[in-house]
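The following exercises concern the sheet and the ligand surroundings of a single structure. Each task is followed by a solution in steps.

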Amino acid sequence: MEFSGIPLKKLRAAFFDFTSCEGCQLQILNHEKNLPDFLSLIEIVNFREISSDKRDDYEIAFIEGAVSRKDQIDRLKDIRKKAKLVVSLGTCACYGGVNAIKNNFSIESMVDEVYKENKPETIPVQKISEIISVDLEIPGCPVSKIELEYIILCLALGSVIEKKKYPVCIECKQNMNHCFIDKGSLCFGAITRAGCDSICVNGGLPCYGCRGPSASVNWMSLKNILIDKGITEEEILEKLSLFNSLNEVIKDEN
Ligand code: SF4
Ligand code: SF4
Ligand code: SF4
């Protein structure tokens, strides 16, 4: 098999879900137009959503979701032992994602409130790289299928994966959107890593930063602009914590 005359290596890949909504796994099967080409690059040996057949001879393990139960730790370590390359797939895996909201509350009170007498075992949410070493992180809630196709092609070709360093605002301007901040609303596109083609803003929603920080972030400047627009610090910090992905941009402030 070749791509532009360069030999391609068909990769044996497995997809595993931990604490998540499984939306990132569904993205793998999205973008139907390119699905035959995409699937020609990988041999899927383990993927619960599409087949009950499973093998352990995978080279790449894609991990979706965060860790929120003790038993998941051993399962994760076992996957790490078997895989040559471990990829955190999606914001839950890379940062904890929306699951990490529960870390702001006492676990006992949350479990009591939701499950009453049927209490499950649960631990504070951790991202995958807090438990095992991770070779590659692909953030996004959900991941961008186009970005995933590009990364899989790079892996199959053995070529360097170029990550976008600039912020979502660049893509947003290219898409000719009217800026939320100009309209007096909150948006974190200026400090968030591009790669989603500003999909939320294109659809009429602000960017809440699911892809994590861009390479160069001026948090204090953005925060002052948002406060000048009349947005409260409380609201800014609440929205900033939605995906647990932008914590590092405010750590110097605290
Ligand atoms: S990152 Fe978002 S879409 Fe992906 S599994 Fe987590 S909650 Fe679902
Ligand atoms: S709407 Fe958000 S992403 Fe778009 S230019 Fe304004 S701040 Fe940046
Ligand atoms: S616009 Fe922002 S919140 Fe929406 S997908 Fe892109 S990075 Fe995530």
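Helices are DSSP runs of H or I with at least four residues, and strands are runs of E with at least two; both are numbered from the N terminus. The model examined here is predicted.

**Exercise 1. Determine which helix contributes the largest share of the shell around ligand 3, and describe that shell.**

Step 1. The shell around ligand 3 holds 13 residues, of which Cys196, Cys200, Cys207, Cys210 and Arg211 come nearest.

Step 2. Helix α8, residues 199–202, supplies three residues, the largest share.

Step 3. By character, the shell around ligand 3 consists of eight nonpolar residues, four polar ones and one charged. Cysteine is counted as nonpolar in this division.

**Exercise 2. Carry out the corresponding analysis for ligand 2: which residues are the closest, and which helix gives the most?**

Step 1. Ligand 2 is surrounded by 15 residues, and the closest are Cys169, Cys172, Cys179, Cys187 and Gly189.

Step 2. Four residues of this shell belong to helix α7 (residues 168–174), which gives the most.

Step 3. Eleven residues of the shell around ligand 2 are nonpolar, three are polar and one is charged.

**Exercise 3. Establish the strand order of the open sheet and explain why β4 and β7 each have one side without a neighbour.**

Step 1. The order of the five strands is β4-β3-β5-β6-β7, with parallel pairing.

Step 2. The edge positions are taken by β4 (42–47) and β7 (136–138); each has a single partner strand, and therefore one side of each lacks a neighbour in the sheet.

Step 3. From one strand to the next, the twist averages 25°.

Step 4. Helix α6 (residues 145–157) packs on the sheet and touches β3 (11–17), β4 and β7. The direction of α6 makes about 160° with that of β7.

**Exercise 4. Trace the pairing of β6 on both sides, and state why β6 is largely enclosed.**

Step 1. Strand β5 (residues 60–64) pairs with β6 (residues 85–89) in the parallel sense over five bridges. Within this pairing, isoleucine 63 has serine 88 of β6 as its bridge partner.

Step 2. Strand β6 also pairs with β7, again in the parallel sense, over three bridges. Here leucine 89 is matched with isoleucine 138 of β7.

Step 3. Because four of the five residues of β6 are buried, this strand is largely enclosed by the rest of the structure. A residue counts as buried if 20 or more other C-beta atoms lie within 10 Å of its own.

Step 4. The chain reaches β6 from β5 through helix α3 (residues 70–82), in a right-handed β-α-β crossover.

Conventions
Residues numbered from 1 in each chain as written. Chains lettered and ligands numbered in written order. Predicted model: local features only at pLDDT ≥ 70, side-chain atom pairs only at ≥ 80, totals over all residues. Pairing = 2+ DSSP bridges. Axes fitted to C-alpha atoms, helices over the stretch in contact; angles between N-to-C directions. Contact = placed C-beta atoms within 7 Å. Near = placed C-beta within 6 Å. Buried ≥ 20, exposed ≤ 12 C-beta atoms within 10 Å, placed from the backbone. Right-handed = clockwise from strand over helix to strand, strands pointing away.
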